[in-house]
Amino acid sequence: MHYRREIDGLRAVAVLPVILFHGGFGWFSGGYVGVDVFFVISGYLITSIILAEKKAETFTLAGFYERRARRILPPLFLVLTVSTAFAWFFLLPNQIKELSRSLIAISIFASNILFGREANYFATAAELNPLLHTWSLAVEEQFYAVFPLFILLLWPVKKRWSVGFLAVSIVGCLSFIYADTRSVSAPEITFYLLKARCWELFLGGSIAFLAGLTKTGAPYSLTSKINESGSLLGIFLIAYAVVAFDKGTRFPGAYALVPTVGTALVILFAIPSTLVGRVLSHRWLVGLGLISYSAYLWHQPLFAFSRLLSLGGHWTMAILAICSIVLAYFTWRFVERPFRDRTRTSRKTILLAAIAMNATTLLTGLVLDSNNGFPERISDTQAKVLAFRAYPTTELYRTGKCLLKIDQPPSAFSPECGAAGDGSSEEIFLWGDSFAAHLYPAVKELSRSTVSQYSSVCPPLIGVQFDYGRDCADVELYILEKIRRHHPSLVVISANWRKHAKYLANIGPTIERIHLLSANSRILLVGNVPHWEPSLPEILARSRTTLELGLRFRNSLLQELRLVDTTLREAASAHGARFVAPIEFFCELDDCLVVASDHGALEPIAYDYGHLTKGGSDLLVKGVMSSFRNPTAKAN
């Protein structure tokens, strides 16, 4: 096949949104779709190369896999080596153990399966996993293992181009139906699986078959107006997905058609004479496209290690984004190009190097995992602090009884979650997610009649509909009916507002609905508690600081949390509710309290990135007790 500069430019369009999305830049909330763009490009290029070589009778499986090894493995293993070395010197044992599992999965081309199975509400945030991005490489590697065989089976058939196009289209449609269905019932693992992603690769492959079917190298025989319109529509669809989608968008189902169809249109119609073709062929975009693979490899470890070391912040992320491009250039120049040059590196050398590097990665992962990240590397004081990450919350939160799991219906609420609902002047009704559950141990001491009902996924807001996972409407209706029947003296609304920031417009209507159902109930809206990256115990352990009351640490996330709190405060004021800001109680300027006391025993304020320990909950509730006892008092 002939070289198309605009395809390399399209690679740049794919990788930049991914980097900016993982960097946490809000305008690129859908930047993850860059991976989908890559999948379509890969499907198109791989299919085109195989078909061209089969037509010229030069294709061999050994040659195909050799090219994939030359392209993918050397830069990958460089990044893995640097990441492992950095982790050994700077990360804590639990973090190294998590990294080791990734190394094992990567060495057997199954990291996508590992990450899909580990995804859940309370898991370490995805942006803290240095090797999370390798899931897409695993998908492509699994695809490469079987796709050439697929074409070899089709090749002897008469009318191979028609049959091939039809076969690729049918398999792609089946994969798409699976992805669209499973992205509703099992969104976490579906996101990562080949069978839910191969339709995107087959979409690119169908374009290659179409070109062979028309015998004219479609779309070059089409009119200039069609090429201009098709390419502009394609680039618009990609751009729309990048800025309009977010983490809550159901993927990789029907919504994924927007960036993938957009990519297909660009491949089909962005010929050199079109505006899009000329822009994508600009030397800066082409240059970035050439190093896009290495840039993709470097960006996630840089961002993740920065967050694991509590060095977050937009300026830090911006500098690291630039660093990923710089590192990508040198990796492309001194690793990618030499290993792809057959005159400098023989097939035997590539094969032996691939086997050696893969075995080393597997062995390293097994050793680190079996030794639990070598905990003897840290002191007893650090180990004691890290132990709080396993805080016993099941009984404290009454998980499965009063804190519903994602698969539990409202009927699973236990009778122990509340009093009889006698409308007493002391009755407090706690509503929210797990960030309401962590208030219960302290709130229950304020009132003999405390009702507490939460869902681990659903925010305490009306009208919230997720594109995937559970339907929150049933939980909402159940709890509102409880409020209507109980007429509690006080309704306390608390949640992980940082996670649910896109639904803040629903706060006002929610407060109004509660007033309508229970006119005499006072409403207290609890704002954000301090959040920590990666977690407060890990930050304390790394600092090697002994726990002591009054200890404060700088928190880099306060600006973001305060912006969310401003919206919460305004909504509460406008709709007749009281607002209390935990971060204003815990924090002064950029420093926050990090140690609390639970009946004399010192412990971190939070046991993870934000959920309060019992001591933290007691400290907060007692500190703002007037808000719970008299929510008409002046707001913070």
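This section describes helix packing, an open sheet and several backbone features in a predicted model.

Two helix pairs are considered, beginning with the N-terminal one. Two packed helices are described by the angle between their axes and the distance between the axes. Helix α1, spanning residues 5–22, packs against α2 at an angle of about 155°, and the axes are 8 Å apart. The two helices, α1 and α2, are therefore roughly antiparallel to each other, since angles over 145 degrees are placed in that class. The crossing of α1 with α2 is left-handed. On the α1 side the contact is made by Ile7, Leu10, Arg11, Ala14, Val15 and Val18, which meet Gly34, Val35, Val37, Phe38, Ile41, Tyr44 and Leu45 of α2. By residue class, the contact of α1 with α2 comprises 11 nonpolar residues, one polar residue and one charged residue.

Helix α2 covers residues 34–55 and also contains Thr47. With a relative accessibility of 0%, Thr47 counts as buried, because the limit for a buried residue is a relative accessible area under 20%. Beyond its neighbours within four places in sequence, Thr47 is in contact with Phe147, Ile151, Gly205, Ala208 and Phe209. Thr47 and Gly204 are separated by 157 residues in sequence, while their C-alpha atoms are 7.9 Å apart in space.

The second helix pair consists of α10 (residues 224–244) and α11 (residues 257–269), which pack at an angle of about 150° with 7 Å between their axes. This angle makes α10 roughly antiparallel to α11. The crossing of α10 and α11 is left-handed. In α10 the residues involved are Ile226, Asn227, Gly230, Ser231, Leu233, Gly234, Ile235, Leu237, Ile238, Tyr240 and Ala241; their counterparts in α11 are Val258, Pro259, Val261, Gly262, Thr263, Leu265, Val266 and Phe269. The residues of the contact of α10 with α11 comprise 13 nonpolar, six polar and no charged residues. The loop between α10 and α11 holds Pro252, and the peptide bond that joins Phe251 to Pro252 is cis, with omega at about 5°.

The open sheet is built from six strands in the order β1-β3-β2-β4-β5-β7, and the pairing is parallel. Its edges are formed by β1 (403–404) and β7 (578–580), each of which pairs on one side only. Strand β2 (residues 428–432) pairs with strand β4 (residues 490–494) in the parallel sense over five bridges. Across this pairing, Phe429 stands opposite Val491 in β4. Strand β4 also pairs with β5 in the parallel sense over five bridges, and the bridge partner of Val491 in β5 is Ile523. Four of the five residues of β5 are buried, so this strand is largely enclosed by the rest of the structure.

Two helices that lie across strands of the sheet are described here. Helix α22 (residues 507–517) lies across β2, β4 and β5 (522–526), and runs at about 155° to β5. Helix α24 (residues 558–574) lies across β5 and β7, with an angle of about 160° to β7. Strand β5 is thus among the strands crossed by α22 and among those crossed by α24.

Further backbone features occur in loops. Most residues other than glycine have a negative phi, and most peptide bonds are trans. A cis peptide bond joins Glu533 and Pro534, with omega at about 0°. Pro534 is located in the loop between β5 and α23 (536–543). His487 has a positive phi, near 45°, although the residue is not glycine. His487 lies in the loop between α21 (473–486) and β4. The relative accessible area of His487 is 42%, and the residue is therefore partly exposed. Leu589 likewise has a positive phi in a residue other than glycine, with a value near 55°. The loop that contains Leu589 connects β8 (587–588) and β9 (591–593). With a relative accessible area of 72%, Leu589 is exposed, because the limit for that class is over 50%.

Notes
Residues numbered from 1 in each chain as written. Predicted model: local features only at pLDDT ≥ 70, side-chain atom pairs only at ≥ 80, totals over all residues. Heavy atoms only, no water. Pairing = 2+ DSSP bridges. Contact = heavy atoms within 4.5 Å. Axes fitted to C-alpha atoms, helices over the stretch in contact; angles between N-to-C directions. Buried < 20%, exposed > 50% of the residue type's maximum accessible area, 1.4 Å probe, protein only. Parallel < 35°, antiparallel > 145°, perpendicular 65-115°, else oblique. Left-handed = near helix turned anticlockwise from the far one by under 90°. Nonpolar A, V, L, I, M, F, W, Y, C, P; charged D, E, K, R; others polar.
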